[in-house]
Amino acid sequence: MRSIELWEVEDYQKVVGGWIEALDIPDFGCTMYLNEEGLIRRLPYNRRATYLWWYHVPHARGRARLAGDTVLVGPPDRDGRSTNIPTAAHDLMLGAAVCQVELQRLNSDQWRAAPIDPQTCIEAIVGATLGMEYAPERSLRVVTLP
């Protein structure tokens, strides 16, 4: 992952290698752009983008895999133009943030650390999302460690 500046639709198209499709991730405050023909063109599976999407948009979980390079930006403004990625999201994705997966049993108010070592945010998101599939009796979340 890297941070770049993009100004025009053509810049986004160049990064993803074709026509762009937008996937909103509202609770993360971001929109992800990807090649709309990524699966048809058999672009490489993008595990990080897929799990980021599945974690934040649960109804998408397991329905589709994302393929090819993606661009993560802020939500669209009133005119439909992309905005800068929020600082918090940028720091989680590109910074040195260390995250932990926490578990909560369905009949409990208490959260506890999962038996997984702290890791990068994206790897914690992958782990939490997989855990949601295999342990539906628990709630999982990713938290940033101090």
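Buried means under 20% relative accessible area, exposed over 50% and partly exposed in between, with a 1.4 Å probe and protein chains only. The model is predicted: local features need pLDDT of at least 70, side-chain atom pairs count only at pLDDT 80 or more, and totals for chains, interfaces and linings use all residues. Residues are numbered from 1 along each chain as its sequence is written, and side-chain values use heavy atoms, without hydrogens and water.

**Exercise 1.** Classify Y12 and Y33 as buried or exposed.

Solution. Y12 has a relative accessible area of 10%, so Y12 is buried. Y33 is at 13% and therefore counts as buried.

**Exercise 2.** Classify the ring pair of Y12 and Y33, then place both residues in the chain.

Solution. Rings of Phe, Tyr and Trp (its six-membered ring) pair if their centres lie within 6.5 Å; planes under 30 degrees apart count as stacked, over 60 as edge-to-face and the rest as tilted. The structure holds two aromatic pairs. For Y12 and Y33 the centres are 5.1 Å apart and the planes stand at 65 degrees, so this pair is edge-to-face. Y12 belongs to helix α1 (residues 9-16) and Y33 to strand β2 (residues 30-35), 21 residues apart, so the pair links distant parts of the chain. Helices (H or I, at least four residues) and strands (E, at least two) are DSSP runs, numbered from the N terminus.

**Exercise 3.** Describe the aromatic pair of Y51 and W54.

Solution. The centres are 5.1 Å apart with 65 degrees between the planes, which is edge-to-face. Y51 and W54 lie three residues apart in helix α2 (residues 47-56), so about one helical turn separates them. Both Y51 and W54 are buried.
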